[in-house]
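Work through the exercises below with the sequence and the model in view. Each task is followed by a solution in steps.

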Amino acid sequence: MSSTTVGVVGSGTMGSGIAQVVAQNGFNVLLFDIKEEIVIESLTRMRTRLEKLVEKGKILRDELEEINKRIQTSTDLSDMRVCQFVIEAAPEKLSIKKDIFQQLDKYCSEETILATNTSSLSITEIGSITRRPERVAGMHFFNPVPLMPLVEVIRGVITEEETVKALVQFAKALRKIPVTCEDTPGFIVNRIARPFYNEALKIHGERLATIEQIDRIMKKEGKFRMGPFELQDLIGIDINFSTTESVHQGFFGEERFRPHYYQQRMMQSGKLGRKAGVGYYNYDN
């Protein structure tokens, strides 16, 4: 399996993290993005992270050189034809993902497994755009990918069991902990997490507690590693809001998943969290 070449489509936070983990575990990686400057910037960030691992003594200098050799970049999606697995990590928009899968279906071998890193969109609908829905599944990593052990492997309605088994084996080879689940809105983790965020936003909106108080209580009394607002800032408020919208729509407007207007206002203001330097907290320093 180590001779396998894995394609990663999208070099943002998630795609970059996935590519790093894949290369660190002995696989060849082909990292794609639409512009050369974007994918090079992503590669630079990845190499900076890997250098820090060398400084901390977590990997050897020789290992770093081997990891770097295993990572190639591309701005031509047809290059994915050499891959045995392709993981799409593009923005969380169904139209974008459908377009990518339609192209991957055209370029890649019939044997290639196509996986999407979506956090809440329908695997079945994404697979339906291809001529191989049985070889399409979800492979949902969590941010930050190099540190978070869990991976959801999601079975679409037409996904073959062999595809699911191959992705579970692949996740284990990445030293992750895979959990299989069905194609339901938000799958497991994001469905459970919606009340965590939504109730925190409601409590803040009703002026029962400040953002800082809510986060502090959840960490001290709830024993969470991060509070709901800190975690939104880490994930990206826009991404979190989009996921809540998707889960709400997926359950046909079920009240308990309804997004909160304050989160939408934060997104509209451009205060998107750590990546923007400001969200519920300020990260200027």
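**Exercise 1.** In this predicted model, decide whether Phe 196 and Tyr 197 are buried or exposed, and classify their ring pair.

*Solution.* Step 1: Phe 196 is buried, and Tyr 197 is buried as well. For Phe 196 the relative accessible area is 19%; the cut-off for buried is under 20%, so Phe 196 meets it.
Step 2: A pair of aromatic rings is described by the distance of the centres and the angle of the planes. For Phe 196 and Tyr 197 these are 5.4 Å and 65°.
Step 3: Planes over 60 degrees apart count as edge-to-face, and the pair of Phe 196 and Tyr 197 is edge-to-face.

**Exercise 2.** Explain why the rings of Phe 196 and Phe 224 count as stacked, and state which parts of the chain they link.

*Solution.* Step 1: The ring centres of Phe 196 and Phe 224 lie 4.9 Å apart, and the planes meet at 25°. Stacked requires planes under 30 degrees apart, so this pair is stacked.
Step 2: Phe 196 belongs to helix α7 (residues 189–205), while Phe 224 sits in the loop between α8 (211–220) and α9 (228–235). The two are 28 residues apart, and their pair links distant parts of the chain.
Step 3: Phe 224 has 39% relative accessibility and therefore counts as partly exposed.

**Exercise 3.** How many aromatic pairs does a search of the whole structure find, and which residues do ring pairs link into a cluster?

*Solution.* Step 1: The search finds seven aromatic pairs.
Step 2: The cluster linked by ring pairs consists of Phe 27, Phe 85 and Phe 170.

**Exercise 4.** Describe the second largest pocket by its volume and its lining.

*Solution.* Step 1: The volume of the second largest pocket is about 330 Å³.
Step 2: The pocket is lined by 15 residues, and the closest to its centre are Ser 120, Leu 121, Ser 122, Ser 246 and Gln 249.
Step 3: Helix α10 (residues 237–250) gives the largest share of this lining, five residues.
Step 4: By class, the lining has three nonpolar, seven polar and five charged residues.

**Exercise 5.** What are the helix and strand shares of residues 5–183 and of residues 186–283?

*Solution.* Step 1: An unreviewed UniProt entry annotates residues 5–183 as "domain: 3-hydroxyacyl-CoA dehydrogenase NAD binding". This span is 41% helix and 22% strand, with its end C-alpha atoms 27 Å apart.
Step 2: For residues 186–283 the unreviewed UniProt entry gives "domain: 3-hydroxyacyl-CoA dehydrogenase C-terminal". Here the chain is 59% helix and 0% strand, and 29 Å separate the end C-alpha atoms.

How values were computed: Residues are numbered from 1 along each chain as its sequence is written. This is a predicted model: local features need pLDDT of at least 70, side-chain atom pairs count only at pLDDT 80 or more; totals for chains, interfaces and linings use all residues. Side-chain values use heavy atoms; hydrogens and water are left out. UniProt positions are given in the numbering used here, feature names are shortened, and annotations may be inferred rather than shown by experiment. Helices (H or I, at least four residues) and strands (E, at least two) are DSSP runs, numbered from the N terminus. On a 1 Å grid over the protein atoms alone, a cavity is a set of points where a 1.4 Å probe fits but cannot get out, and a pocket is an open set with protein on both sides within 12 Å along at least five of seven lines; lining residues have an atom within 4 Å of a point. Grid points are joined across faces, edges and corners, and a volume is the space filled by probe spheres set on the points. Ala, Val, Leu, Ile, Met, Phe, Trp, Tyr, Cys and Pro count as nonpolar, Asp, Glu, Lys and Arg as charged, and the others, Gly among them, as polar. Rings of Phe, Tyr and Trp (its six-membered ring) pair if their centres lie within 6.5 Å; planes under 30 degrees apart count as stacked, over 60 as edge-to-face and the rest as tilted. Buried means under 20% relative accessible area, exposed over 50%, partly exposed in between (1.4 Å probe, protein chains only).
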